[in-house]
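Here is a model to explore, one step at a time. Keep it open on your screen and turn it around as you read.

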Amino acid sequence: MTLTDKDTTSIKKTEEPTDEQLIARFQEGDEYAFDLLVKRYRDPLMNFIFRFVGDRTDSEDILQETFLRLYKNKHYYKEIAKFSTWIYTIAGNLAKTELRKRKRRNLFSIHNFMATEKDYELPDKGITPDKHANAVITDTEIQRAIDKLSPKFKQVILLRDIQGFSYEEISQIVNIPLGTVKSRVNRARLKLQVNLKKIMKDVS
Amino acid sequence: MISCDKTKALLTDYLDGTLEPNLKKEVDQHLDSDPECNKIFTESAALQRQIKNLQVLTASTDFDINLRNKIIQSNTLPDRQYSLNKKGLSLAFSGTVLMAALYMFIFTDIGNQTAVDEGIMPSSTIGSGNPGHKLQIPADQPKQAGLEKENVADSLSRVPEVIDDSKIHLAGEEQK
């Protein structure tokens, strides 16, 4: 007996449920569905949050808080929105809150005047030492340029260029009109370029 | 031909390849004639590629265990929060009552009634904003002070019982 395309598709569906199916199952009390969602979104969200706040420990805390909110507020999710946009909205808002807290802390902290440059812990890709060193420098410089962006520009550029969301999805996540998303991404790209040039000038 | 600013505003659409053919042609023409804009577009395209290829950071290996622990902890948190809120509320209530009592004591005349009764504080000063003030009699003028006290008593006792109408003159009325 041979399987038709329809059969293979249905098997694939049963093997890999969609995010929306998983959250629906979780809303009905299936804890395993929650674990699957965590497994699916843990790393992409971690990368997004890390690029947003620039610190590994804070990123992991925010990631935990994101999933905790998902766990506690599962019934607030309605199927009219995609699950991915919902979870990225939560993570983005928490990351923005963390940046606001830091800004407030820096205003009143003496360390503000003695601030050293941040170290970015980037994963080892197992390449040769000199290539690795160059890659770290490049990534670090880009991360610094991203860090210099204001949160509203940072959020859209990360969602677009790193997470690969469409403009429509970004519009839902950030809750701004589509036209504003496009112009914001455009301005963010130009600003990022200016920031990077300044950083390169400082380095040289 | 389109301006630099308009060209820059179309950067994202240009890089995404979503510009209409006619508009793309105009942007290309501008980029050919303006090396500055051309440089911005080229560098931005390169930067976009670099950002897409940034190394991906992953969550730590014990993330799932830590998350599970946090969820378990949070399940016991509401009760603790409730009791904390309860304590906070009772403290706030006690504080308010204390403040109100203090306010009453300082800014009202409770406790000054004896001073009025004893005649050392004229009743007209009640609520005058100087509640603790007592009428002080200087030691070197005891007689004068005594007179003043007597005069106050006189002014109260010398109200005539029968009023003579002929002594009352209304405004505009001629005197007889």
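What follows is a walk through this predicted model, from the overall make-up of the chains down to single residues.

Let's start with chain A. It has nine helices and zero strands, so if you go along chain A from the N terminus, the elements simply read α-α-α-α-α-α-α-α-α. Chain A has 204 residues, and 43% of them count as buried. Now think about contacts in chain A between residues with a separation of 6 or more: 63% of these involve residues 24 or more positions apart.

Over to chain B. Here you'll find seven helices and zero strands, and from the N terminus the elements run α-α-α-α-α-α-α. Chain B has 176 residues, of which 19% count as buried. For contacts in chain B between residues at least 6 apart in sequence, 42% link residues at least 24 apart.

Next up is how helices sit against each other. Two packed helices are described by the angle between their axes and the distance between the axes. Try that on helix α3 of chain A, residues 31-53, and helix α7 of chain A, residues 151-162: they pack at an angle of about 145°, and their axes are 10 Å apart. The crossing of α3(A) with α7(A) is right-handed. Which residues of the two helices meet? From α3(A) come Asn47(A), Phe48(A), Arg51(A) and Phe52(A), and from α7(A) come Pro151(A), Lys154(A), Gln155(A), Leu158(A), Leu159(A) and Ile162(A). Sort the residues of this contact by class and you get six nonpolar, two polar and two charged.

Helix α7(A) also has a contact with helix α5 of chain A, residues 83-108, where the axes come within 11 Å and cross at roughly 145°. The crossing of α5(A) and α7(A) is right-handed. On the α5(A) side, look for Tyr88(A), Gly92(A), Lys96(A) and Leu99(A); on the α7(A) side, look for Pro151(A), Lys154(A), Gln155(A) and Leu159(A). By class, the residues in the contact of α5(A) with α7(A) are four nonpolar, two polar and two charged.

Now for the gaps. Rolling a probe the size of a water molecule over the atoms shows where empty space is left. How many cavities of 30 Å³ or more are there? The count comes to one. The largest cavity holds about 30 Å³ of space. Its lining brings in both chains: Ile157(A), Asp161(A), Arg189(A) and Leu192(A) are there, along with Ser44(B), Leu47(B), Gln48(B) and Ile51(B). Three helices each supply at least two residues of this lining, namely α7 and α9 (178-203) of chain A and α4 (35-52) of chain B. Which helix gives the most to the lining of the largest cavity? That's α4(B), with four residues. By class, the lining of the largest cavity is made of four nonpolar, two polar and two charged residues.

Let's finish with three single residues in chain A. Thr140(A) lies in helix α6, residues 129-147. Is Thr140(A) buried or exposed? Its relative accessibility is 11%, so Thr140(A) counts as buried. Thr140(A) and Gly54(A) are 86 residues apart in sequence, while in space they are 9.9 Å apart, C-alpha to C-alpha.

Leu36(A) belongs to helix α3 of chain A. Because its relative accessibility is 22%, Leu36(A) counts as partly exposed. Leaving out residues up to four places away in sequence, Leu36(A) touches Leu22(A) and Arg25(A). You can also find Asp19(A), which is 17 residues from Leu36(A) in sequence and 9.1 Å from it in space, C-alpha to C-alpha.

Last stop: Asn175(A), in the loop between α8 (167-174) and α9 of chain A. Most residues other than glycine have a negative phi. For Asn175(A), though, phi is near 65°, a positive value in a residue other than glycine. Asn175(A) has a relative accessible area of 67%, so it is exposed.

Technical notes: Residues are numbered from 1 along each chain as its sequence is written. Chains are lettered from A and ligands numbered from 1 in the order in which they are written. This is a predicted model: local features need pLDDT of at least 70, side-chain atom pairs count only at pLDDT 80 or more; totals for chains, interfaces and linings use all residues. Side-chain values use heavy atoms; hydrogens and water are left out. Axes are lines fitted to C-alpha atoms, for helices over the stretch in contact, and angles run from 0 to 180 degrees between N-to-C directions. A crossing is left-handed if the near helix is turned anticlockwise from the far one by less than a right angle, and right-handed if clockwise. Contact means heavy atoms within 4.5 Å. Ala, Val, Leu, Ile, Met, Phe, Trp, Tyr, Cys and Pro count as nonpolar, Asp, Glu, Lys and Arg as charged, and the others, Gly among them, as polar. On a 1 Å grid over the protein atoms alone, a cavity is a set of points where a 1.4 Å probe fits but cannot get out, and a pocket is an open set with protein on both sides within 12 Å along at least five of seven lines; lining residues have an atom within 4 Å of a point. Grid points are joined across faces, edges and corners, and a volume is the space filled by probe spheres set on the points. Buried means under 20% relative accessible area, exposed over 50%, partly exposed in between (1.4 Å probe, protein chains only).
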